[in-house]
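Trainee: I've got a new model open and I'd like to learn how to read it. Can you walk me through it, feature by feature?

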Amino acid sequence: MTRPHDTSPDDQLTALLQDAVVDIEPSERLSELRARTAPSSTSRRWWPAAGGAVLAAAAAVTAIAVLGNDPAPTVRPGPADPPDVETRGQAVAVYFIGDTASGPRLYREFQPVVNPSPGLAGLALLESGPADSDYRSLWPAGSFRLDAISDPEASVVHVGLTDSAPSEPTDLALQQVVYTLSAGFQEPLEVVFHQGGARYDLGPVVAEATAAPRLEILSLVNLSDPFEGQLVSDTLVVRGVANSFEANVPWTIEQDGAVVDQGTFTAEGYMAERLFPFSGEIDVSSLDPGTYTLIVETDDPSGGAEGNGPFSDTRTFVLE
Amino acid sequence: MVRPTSVLMHATVVPGPTVTHGATPGAPAWDADQALEQLYAAHWRSLVRLAVLLVHDNGLAEEVVQDAFIAVHDRWHRLRDPDRALAYLRQTVVNRSRSALRHRAVVNRHVARGTHEVDVAGSDDGALAGERRDAVLAAMRSLPDRQREVMALRYYAELSEGEIADALGISRGAVKSHASRGAAALRTALADYLEERS
């Protein structure tokens with residue numbers, strides 16, 4: 001803020017403007033606000049399935065990409081009036097397990113959290129579970145000792161496990177943690193798992209892991225927006241990442257198993273060992289209000305003749 | 001003399017429930033009511049002050065900010081990221097201040113209802129400070145809407161160019177040009193008070 005002897009023109013204006021209102025003590029309106037928001041039948045719909053995570057609020061959490069360059073989900077701000085959908089989203093990426101034709105893979109889900117440490121937030125969210133019920137976590141509640149996570153030093157982070165954690169976590173479980181922490185700290189990390197320690201003591205090392213190659217561990221298509229159960233008015237904004245043949249990402253909207261609309265997004269690329277962003281807006285204003293499912297897939301030009309078949313990701317949304 | 005206070009307008013520090021390991025899974029971190037209380041505690045005063053700079057009327061400023069809080073409460077479930085709640089609140093305050101100003105009738109009604117004008121009592125150097133504050137508010141009022149908004153967000157809330165662009169839904173280039181014209185106008189209008197300090 002303004003330093004005592006600052007007299008730069010900008011600082012002077014700052015001082016003048018701040019001083020102009022410094023004595024204004026607004027009246028107490030909290031009780032009026034409470035009263036006006038009292039019929040809060042709609043106020044509980046926030047993050048319908050956000051399975052938990054009681055987390056401290058504090059400084060801004062930076063948005064996180066997967067070990068690199070995937071964008072966090074964003075929705076562009078509305079034109080004039082404040083957007084009544086999301087403003088630019090910043091969230092923590094958490095990796096859950098979902099089943100694919102190629103076996104269980106990691107799916108990234110952005111969860112809204114406010115926490116001084118995104119790394120810590122990610123771990124707490126891992127054990128509290130996904131918003132999308134198609135996903136699951138291999139880490140039950142209470143798996144992590146949140147008092148025993150080191151800040152990453154030399155790209156290594158140490159994580160203490162409790163007795164609630166699986167005694168022999170699978171590779172996929174370890175990768176959940178590696179990917180989530182790497183996203184949280186925004187750098188590729190090696191994770192060293194400890195178990196059996198006491199307070200301030202991590203205990204012996206039980207496992208170590210670094211990120212497995214993306215295309216071998218991640219679902220090759222993954223939605224960021226909409227979030228599960230999102231309310232939509234006229235336009236469904238879709239964002240995600242994929243690695244799909246010719247960058248094609250076919251989508252369908254279904255209701256009760258019947259296809260009501262379909263099309264194709266184009267990802268920003270496909271010729272590399274990573275997932276590429278795709279996005280688009282679907283005009284859903286002609287559909288009747290109700291609950292729908294959005295399905296995105298990787299393209300399978302062989303029609304299933306080769307390989308294991310397409311990857312897919314789905315989200316339920318509610319059209320108002 | 002001018003005594004700037006620090007205003008926590010760009011740090012999103014909102015006290016919240018504390019992390020406890022093994023806390024009840026299934027309990028959402030924030031619901032709309034909790035968020036409202038926390039945001040109120042942290043930002044009510046600074047947002048009202050921001051609105052006063054925009055609408056030059058304490059009572060109207062409070063109404064605007066109160067409505068903004070209610071808008072955030074109503075839309076809480078659609079706010080993707082609670083961390084952006086302050087940015088959203090601020091944006092709502094700016095937009096609503098603008099529309100309040102456009103509806104002069106609203107303003108007049110408030111004034112007629114006896115809304116207190118800016119209270120300048122209690123400052124260290126009494127009359128002079130009061131005069132200066134009036135001059136600042138009057139100078140702000142004389143600016144075109146966008147310039148006034150950019151000035152308030154830049155010099156009062158101390159937001160970056162990018163943050164201002166986001167809050168107003170205009171380009172950074174536009175922010176820059178409103179900022180330079182607004183600052184020039186304020187410097188001219190407030191020349192007396194600026195020279196006093198240099």
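**Reading a loop, a pocket of contacts and two chains**

Mentor: Sure. Let's begin with A:Pro213, which sits in the loop between strand S6 (205-209) and helix H5 of chain A. Keep in mind that this is a predicted model.

Trainee: Is A:Pro213 buried or exposed?

Mentor: Read that from the relative accessible area: under 20% is buried, over 50% is exposed, and partly exposed is in between. A:Pro213 comes out at 44%, so the residue is partly exposed.

Trainee: And what separates the C-alpha atoms of A:Pro213 and A:Glu273?

Mentor: Compare the spacing along the chain with the spacing in 3D. A:Pro213 and A:Glu273 are 60 residues apart in sequence, while 7.8 Å separates their C-alpha atoms.

Trainee: Moving on, where is A:Ser219?

Mentor: A:Ser219 belongs to the loop that links helix H5 (214-217) to strand S7 (221-225) in chain A.

Trainee: Is A:Ser219 buried or exposed?

Mentor: Same cut-offs as before. A:Ser219 has a relative accessible area of 0%, so this serine counts as buried.

Trainee: Which polar partners does the A:Ser219 side chain have?

Mentor: For these, look for N or O atoms within 3.5 Å of each other, one able to donate a hydrogen and the other to accept it. The side chain of A:Ser219 makes a polar contact with the side chain of A:Tyr107 at 3.2 Å. A polar atom of the A:Ser219 side chain also lies 2.7 Å from the backbone oxygen of A:Val221.

Trainee: Which residues does A:Ser219 touch beyond its neighbours within four places in sequence?

Mentor: Contact here is a matter of heavy atoms within 4.5 Å. With those neighbours left aside, A:Ser219 contacts A:Thr100, A:Arg105, A:Leu106, A:Tyr107, A:Leu275, A:Phe311 and A:Ser312. A:Tyr107 is thus on this list and is also the side-chain polar partner.

Trainee: Let's zoom out. How many helices and strands does chain A have?

Mentor: Count the elements along the chain: chain A has five helices and 14 strands. Of its 320 residues, 54% are buried. Among chain A contacts with a separation of 6 or more, 65% join residues 24 or more positions apart. The chain exposes about 13,300 Å², with carbon and sulfur atoms supplying 48% of that.

Trainee: What about chain B, how many helices and strands are there?

Mentor: Chain B has nine helices and zero strands, giving the pattern α-α-α-α-α-α-α-α-α along the sequence. Buried residues are 54% of its 198. Chain B exposes about 7,800 Å², and carbon and sulfur atoms contribute 52% of that area.

Note on methods
Residues are numbered from 1 along each chain as its sequence is written. Chains are lettered from A and ligands numbered from 1 in the order in which they are written. This is a predicted model: local features need pLDDT of at least 70, side-chain atom pairs count only at pLDDT 80 or more; totals for chains, interfaces and linings use all residues. Side-chain values use heavy atoms; hydrogens and water are left out. Helices (H or I, at least four residues) and strands (E, at least two) are DSSP runs, numbered from the N terminus. Buried means under 20% relative accessible area, exposed over 50%, partly exposed in between (1.4 Å probe, protein chains only). Accessible areas come from the Shrake-Rupley method with a 1.4 Å probe; for residues, only the protein chains shown count as cover.
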